[in-house]
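Could you walk me through this model in my viewer, one selection at a time? Please tell me what to click on and what I will find there.

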Amino acid sequence: MPVALAVHPGDPASLRTPLLGVALVAGERLPSTLRALDKATGGAIARSLKSRDFKGNRDETQLIYGRGRGPERVLLIGVGKTADAAAIGRAAAIVGRRANAMGVERAAFWMAGSASASLESALIGGPMGAWEYRELRTQPPVAERPKPLTAFTVVVAKADAAVRNALAAAKAIAEGQRIARTLAMMPGNLCTPDYIANTAAEVSRRNKLKCTIRGRKEMTALGMGSFLAVAQGTPQDPKFITMEYNGGESGAKPVCLVGKGLCFDSGGISIKPADRMEWMKFDMSGAAGVIGAMEAIARMKLRVNVVGLIGSTTNMPSGTAMNPGDVVRAMNGKTIEIINTDAEGRLVLADVLTYAAREYKPQAMVNAATLTGAIVVALGNTATGVMGTDQQVVDELLGAGQRAHEPGWQLPMWAEYREQIKSDIADVKNIGGRGGGSITAAMFLAEFVEGAPWAHLDIAGTAYTEMDLGAIGRGPTGNPVRTFVEFVRARAR
Ligand code: BES
Ligand code: MN
Ligand code: ZN
């Protein structure tokens, strides 16, 4: 269920809420705007700070009970030394997560300052932390059921136009992230290519986007031999999905957002080891990011044309599956020698990128994909790998990632790396050998972008987390929804 977001102008001391999160900076005294709130807790906040029981360190929390009117509980949350928008968003997420765990249903949040970037981050952070996928657990009877967080309110000095804009944007982005995370979390037997297509259609219907869904037959007619090579291992109909949002001038070149949508990646004939293979249900996180971003972009009514494109299937070993050594022909005519069937994401994306470039002549084309394990080796779970043929698009993505608090880091795409994907028999092969695995994957994609200004986000390390991150638990992170939104936002009029 979505968390209803709101702002509350005025003194936090007068807010009737079961839980008020209060973000405090390390080493700072009690802000004067919190004097009334401190009184409402019988001076407990000031005493805690004075005794240094609570220091305001990052992620540090202390729960205090109110007395009488105002918040029933106050949760002090430390943001560390600097209260930038990222730190505020994290603090809000921790409050949202704790509120959801406590079952208080409604929570509020206060932070010093009035920067709209911080406000937007706080509003996005609350639902980010509270998000949980409960659908597949048998629920206890209603009376005993822990209540999920359903409302999150940020206290502001006054509700001016900037505040209202931040609220509207945050609602849109939070909803986009919620959709993306839910899709990503769903197991592969439920989140099938069909399900992804239906979700894209549903998002499109609600937001009046034009949605086109193509299956194996239509893709065969388009000559998508690379995508279809992956899909030939499964009886499920693969889906090639386009979602068109026209917020810009009619006829203006769109931004194309492309997502890898592998509902499960077993590796195919080049099968993966069993250990942790279940995580490969997240191999459609790029697609989830596209759907989530399209929802957010449409809700925000950004004045720019955007097309979301998704290639969705599963990578399975079977009697009909592609084999190592096979050579297939992509939509753009290039032949591909398949050395490793586990390098399937690039095969799917190849044809979708070609289609996007040819059909839409985009002003910029960005894809997101859980493409390589190598990016996790290089950058861990903290930074998204950013590579591209157009430095302007790469730079914009790096900036967008910063504003989104989904940082990216560029890797080079020098011509030398092209050598690694030369084939003995075809125009290109689908893996590049030992070194630079993320780069050679990007070099492969670049063969199919048809000159469009293109960049690629390798989100294999950032789309989901196998570790509890404090602000959010194990599972999907919502990355790259916000990066996509920030990228498009900066290109909007
Ligand atoms: N979906 C995987 C990439 C991946 C691996 C994501 C680990 C998250 C965690 C992708 O399809 C894949 O299997 N890539 C191979 C490429 C290799 C065969 C060149 C990989 O990274 O091992
Ligand atoms: Mn794979
Ligand atoms: Zn994959």
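This tour of a predicted model visits two metal sites and then a pair of helices.

**Stop 1: the zinc ion.** Select ligand 3, the zinc ion, and show K260, D265, D283 and E344, which coordinate it at 2.0 to 2.4 Å. K260 contributes its NZ atom, while D265 and D283 each use OD and E344 uses OE. Look at the angles next: the 6 donor atoms subtend 78 to 173°, so the arrangement around the zinc ion is octahedral. Along the chain, the zinc donors follow the spacing K-x4-D-x17-D-x60-E.

**Stop 2: the manganese ion.** Keep D265 on screen, since it bridges the zinc ion (ligand 3) and the manganese ion (ligand 2), 3.2 Å apart. Now add D342: the manganese ion is coordinated by both O and OD of D342, together with OD of D265 and OE of E344, at 2.1 to 2.2 Å. Is this site octahedral or irregular? Angles of 70 to 167° among its 6 donor atoms go with an irregular site. The pair links distant parts of the chain, with D265 in strand β9 and E344 in the loop between β12 and α10, 79 residues apart.

**Stop 3: two helices.** Select residues 161–185 (α5) and 481–491 (α14), whose axes come within 9 Å and cross at roughly 140°. The two helices are therefore oblique to each other, and their crossing is right-handed. To see the contact, show A169, I173, G176, Q177 and A180 in α5 against V481, R482, V485 and R489 in α14. Colour that contact by class and you get 5 nonpolar, 2 polar and 2 charged residues.

How values were computed: Residues numbered from 1 in each chain as written. Chains lettered and ligands numbered in written order. Predicted model: local features only at pLDDT ≥ 70, side-chain atom pairs only at ≥ 80, totals over all residues. Heavy atoms only, no water. Axes fitted to C-alpha atoms, helices over the stretch in contact; angles between N-to-C directions. Helix = DSSP H or I, 4+ residues; strand = E, 2+ residues; numbered from the N terminus. Parallel < 35°, antiparallel > 145°, perpendicular 65-115°, else oblique. Left-handed = near helix turned anticlockwise from the far one by under 90°. Contact = heavy atoms within 4.5 Å. Nonpolar A, V, L, I, M, F, W, Y, C, P; charged D, E, K, R; others polar. Donors = N, O, S within 2.8 Å, 3.2 Å for Na, K, Ca; no water. Tetrahedral: all angles 85-135°; square planar, octahedral: opposite > 155°, others 65-115°.
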